[in-house]
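Please look through the sequence and the model below before reading on. The paragraphs that follow lead from one part to the next.

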Amino acid sequence: MASTVTVKEYRAYAQQPTWCPGCGDFAVVAAMQRALVNLGLKPHQVVAVTGIGCSGKFNYYLGANGFNSMHGRSLPVAQAIKIANRDLVVIAAGGDGDGYGIGVGHFIHACRRNIDITYVVMDNHIYGLTTGQTSPTSEKGFKTKTTPYGAAEYPIRPLPLAIASGCGFVAQGFSGDVKHLQSLFEAAIQHKGFALVNVFSPCVTFNKEQTYDWWRENLVNLDEREDYDPTDKAAAYKVVTETNGLVTGIIYREERPDYQDELPNYDPKPLVYQDLSKPVKDREKLLQAFM
Amino acid sequence: MDFTWKIGGAQGEGIDSAGEIFALTLHRKGYYIYAYRHFMSLIKGGHTNYKVRISSKQHRHRGDQLDLLVAFDQRSIDENLHELKSGGAVLYNAGAFEPKFPADVDVVPIGVPMQQIAKDHGSIVMTNMAAMGASAALVGLEPDAFDDFIAERYGKHGADVVEANRKVVRAGFQAASEATSWRARLPELPPEARGKKRLFMHGNDAIALGAVVAGCRVVAAYPITPATDILYSLLKLLPEYGGVVLQAEDEMAACQMAVGCNYAGVRAMTSTSGPGFSLMTETLGLASVSETPVVIVDVQRAGPSTGMPTKTEQGDAFQAIFSSHGESQRIVLAPATVEDCFYDIQRAFNLADKYQCPVIVLTDLSLGLSKQTVEVDDIDFEKIAIDRGQLLTEEQVKEIAANGGYKRYALTESGISPRALPGQEGGVHLAISYEHTEEGWEDETPLHRVAQTEKRIRKMSTFDPAEFGVRQSGDASPDLLLVGWGSTIGQIDEAREALKAEGISVGHLHLSVLYPFPAKEVREAIESARAVLIVENNAFGQLQQLIQLNVGHYDHIHHCRKFSGEPFKVFEIVARAKEVLAAKSVKEVG
Ligand SMILES: Cc1ncc(C[n+]2csc(CCOP(=O)(O)OP(=O)(O)O)c2C)c(N)n1
Ligand code: SF4
Ligand SMILES: [Mg+2]
């Protein structure tokens with residue numbers, strides 16, 4: 001792909017961010033813009049779909065096409081857009097509450113359905129936009145406005161959940177390492193099928209435990225470990241279990257046909273460009289079935 | 001003149017397939033058929049029946065009475081005998097049970113050992129075929145009448161299965177011929193009608209076919225009675241055109257997916273029934289505020305909650321019109337006939353594109369699942385042309401981009417903002433669930449809130465509900481005006497004719513659009529009648545309340561409601577109409 005695109009083109013459509021200074025989500029947008037530019041993709045060729053949350057404003061600031069749906073509903077819309085027009089690069093993005101709380105049903109099914117989109121979760125272990133309640137990824141015992149005595153529930157572990165649900169590309173990044181994040185986004189977009197990139201993206205305002213420093217001290221980058229083979233499913237489960245999910249890099253990948261390849265009679269030409277007048281010409285044949 | 005036949009037994013005994021073969025055979029002979037399935041939300045046991053009304057003219061309901069009942073068990077007699085005409089026959093499975101009839105009923109019992117015949121000539125699972133053969137003898141069909149269908153249906157199981165079924169039919173025919181001299185007369189068919197090619201379809205089929213003709217290429221849905229048949233039809237129709245039927249994880253996803261496809265420029269819909277529609281209501285608001293077209297079919301069943309999944313009701317008008325928080329735009333159509341289903345779904349797609357809002361098509365179980373004869377010419381593929389509304393082309397978008405830039409929610413005079421698609425250069429935009437500026441940027445200031453709300457209201461102002469389904473028939477300025485909506489048209493029509501035959505001046509107003517409400521037409525009709533009877537398949541009188549809301553309160557409005565889960569019978573409407581007229585004349589004289 002001839003890379004004649006620049007980040008400036010994306011900025012032309014983007015709004016002024018309203019995130020708190022220092023919010024991890026800035027790095028996620030920056031890394032995504034660079035990844036798209038590096039892949040030679042222009043803003044009109046990309047659609048970013050979000051739900052609701054601080055992270056749901058991802059597509060306000062990305063500068064590509066966007067669809068902002070309701071809380072928890074980014075994935076159904078994103079998958080449908082890809083079905084309608086497989087030429088588009090479709091990215092769904094949102095928070096841990098959006099994706100693993102209210103939208104977790106859609107997440108599991110998107111993993112097994114394997115439509116060729118990329119899903120970025122800005123996982124800050126907290127509900128940011130609603131000013132600091134517990135989230136499905138909050139650690140047990142974590143104190144928030146709704147869990148003043150500490151969270152009683154065990155957290156969702158997105159990585160093994162994704163692998164077990166049939167996700168063919170499972171990666172994890174950190175907002176403190178934009179370059180690495182960019183490489184993960186590029187690999188995820190290039191992966192044919194549903195790709196998850198869970199990003200530890202600190203909420204500097206409401207989560208005083210999982211800070212940039214805390215993540216830096218606790219994360220191990222698997223991409224730097226030469227002996228790690230991301231195509232080995234058993235190894236992937238083992239490493240996310242042993243480290244309690246505190247790893248970054250490509251955790252697991254597997255090539256398999258995507259959903260659209262599996263459909264009967266599916267035309268590679270996007271549905272949106274198909275001729276709609278055909279059934280009128282087929283009237284006799286179509287009516288025969290009802291005689 | 002018509003003839004009605006019903007077969008009843010336990011679910012799992014092949015009642016449905018026997019009924020359908022019987023209906024289709026007579027349909028192909030040139031009769032008009034209306035077939036009604038009575039079934040239950042279980043797989044084995046219970047009671048199920050299949051009623052076929054056979055006529056030389058088109059009827060849009062199952063008929064009040066019954067000429068011949070085929071009973072596999074006592075329960076089939078107990079549940080259906082009340083419909084049997086005086087002197088009608090009950091063909092029962094002799095040997096399987098000893099039938100009991102109330103002493104005061106004038107019935108001709110005909111015992112044929114159908115189960116034994118099936119065992120002797122094929123296998124016990126072919127008992128329904130013995131019943132078919134026996135029925136053929138009693139209504140004057142030939143013993144080979146079903147041969148073609150048996151081959152069509154069972155050919156895939158091998159030649160011996162086909163042969164065994166045919167043998168059982170013939171043995172059943174023979175046994176019934178010998179068992180009784182009772183014979184029914186099928187209606188006389190005019191020569192030009194004999195063997196005439198017509199369609200046999202239900203509302204769900206017509207919705208599916210119409211959707212394909214309208215250019216719908218994606219259907220995302222979650223299985224639910226009585227809407228699932230729409231998916232089955234589309235699974236046969238869509239792949240030919242590159243289309244996709246996607247079984248979503250739930251109805252929230254299904255509806256959001258339909259929205260997503262439409263946003264990307266592909267016509268898409270979802271189909272469901274009440275419980276699923278409840279889950280979709282959040283998406284009505286999303287489609288409204290983001291101004292994304294979407295078509296939702298609600299094949300109503302009896303609620304609330306899980307309610308009665310296999311029974312009919314017109315209970316979702318309020319939820320179609322009022323559900324979802326905030327104030328959101330939408331259009332609600334309520335087709336009355338199979339033909340309406342075919343055209344209204346096409347209109348729905350055009351309206352959704354034109355007004356960039358959700359369009360809900362409300363049918364119900366009785367319209368959705370009752371297969372009936374339809375004239376080929378009445379399913380016209382060219383009557384409604386595809387109109388995508390203000391959908392911009394690549395060139396138009398480029399031109400707009402060069403002249404100040406594209407704004408998704410531009411404040412236009414009509415209120416309709418031209419729509420660019422993702423993928424078009426120069427048309428990059430954000431569609432959004434929050435209140436927003438013209439650019440689609442989240443905004444809560446009064447300036448934008450008021451301007452965008454007024455724009456969304458303004459765009460609906462050119463919608464004229466009268467164009468989309470206000471039918472009037474019968475006498476003008478009548479003594480009694482019957483008012484209905486949706487699937488009840490057949491019974492109300494026949495009730496009108498029956499009353500007319502008694503010299504009563506009667507009119508019929510039928511609505512196939514509920515929102516925006518055709519207030520002007522309804523007001524005129526109501527004010528010109530001496531008495532009004534609103535006929536609805538629900539308990540709360542939803543249309544009556546809509547009339548009160550949109551038109552006003554009138555002392556001369558009365559109601560006729562049925563909420564048992566069954567469609568109306570004509571005599572119920574006629575009786576209620578007479579009651580109202582009698583009370584009225586007493587009042588006017590006194
Ligand atoms: C149906 C519904 N329920 C609740 C809300 C309120 N709400 C908005 S965002 C949010 C949670 C945000 O947390 P997360 O998804 O983690 O995103 P973050 O703000 O942390 O990026 C909630 C509960 C809503 N908008 N819609
Ligand atoms: S509240 Fe937290 S997540 Fe939201 S913008 Fe501020 S730092 Fe970011
Ligand atoms: Mg969060």
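In this predicted model, the residues that donate to the magnesium ion (ligand 3) follow the spacing D-x27-N-x1-I along the sequence. These protein donors are A:Asp96 through OD, A:Asn124 through OD1 and A:Ile126 through O, and they lie 2.1 to 2.2 Å from the ion. Distant parts of the chain are linked here, since A:Asp96 belongs to helix α5 (residues 96-102) of chain A and A:Ile126 to strand β5 (residues 126-127) of chain A, 30 residues apart. Are these two residues buried or exposed? A:Asp96 counts as buried because its relative accessible area is 1%, under the limit of 20%, and A:Ile126 is buried as well because its relative accessibility is 3%.

A:His125 is found in the loop between β4 (118-123) and β5 of chain A. Although A:His125 is not a glycine, its phi is positive, at about 60°, and with a relative accessible area of 5% this residue is buried. A:Asn244, in the loop between α10 (233-242) and β10 (247-253) of chain A, also has a positive phi near 60° without being a glycine, but A:Asn244 is partly exposed, at 42% relative accessibility.

The donor A:Asn124 appears again among the residues around ligand 2, which also include A:Trp19, A:Cys20, A:Cys203 and A:Phe206. Sorted by character, the shell around ligand 2 holds seven nonpolar residues and two polar ones, with no charged residue.

Turning to chain B, we meet an open sheet of seven strands, arranged in the order β9-β8-β10-β11-β13-β12-β19 with mixed pairing. Its edge strands, each pairing on one side only, are β9 (244-247) and β19 (513-515) of chain B, and neighbouring strands are turned against each other by 20° on average, direction ignored. Strands of a sheet pair through backbone hydrogen bonds, either parallel or antiparallel. Within this sheet, β11 (residues 294-300) and β13 (residues 358-364) of chain B run parallel and are joined by seven bridges, with B:Val295 standing opposite B:Val359 in β13(B). Helix α12 (residues 338-355) of chain B packs on the sheet, where it touches β10 (268-272), β11, β12 (331-333) and β13 of chain B, and its direction makes about 165° with that of β13(B).

Two loops that begin at strands of this sheet deserve a last look. In the loop between β11 and α11 (317-322) of chain B lies B:Pro304, and the peptide bond from B:Gly303 to B:Pro304 is cis, with omega near -5°. The loop between β19 and α17 (519-528) of chain B contains B:Pro516, where the peptide bond from B:Tyr515 to B:Pro516 is likewise cis, with omega near -10°.

Terms used. Residues numbered from 1 in each chain as written. Chains lettered and ligands numbered in written order. Predicted model: local features only at pLDDT ≥ 70, side-chain atom pairs only at ≥ 80, totals over all residues. Heavy atoms only, no water. Near = heavy atom within 4 Å. Nonpolar A, V, L, I, M, F, W, Y, C, P; charged D, E, K, R; others polar. Pairing = 2+ DSSP bridges. Helix = DSSP H or I, 4+ residues; strand = E, 2+ residues; numbered from the N terminus. Axes fitted to C-alpha atoms, helices over the stretch in contact; angles between N-to-C directions. Contact = heavy atoms within 4.5 Å. Donors = N, O, S within 2.8 Å, 3.2 Å for Na, K, Ca; no water. Buried < 20%, exposed > 50% of the residue type's maximum accessible area, 1.4 Å probe, protein only.
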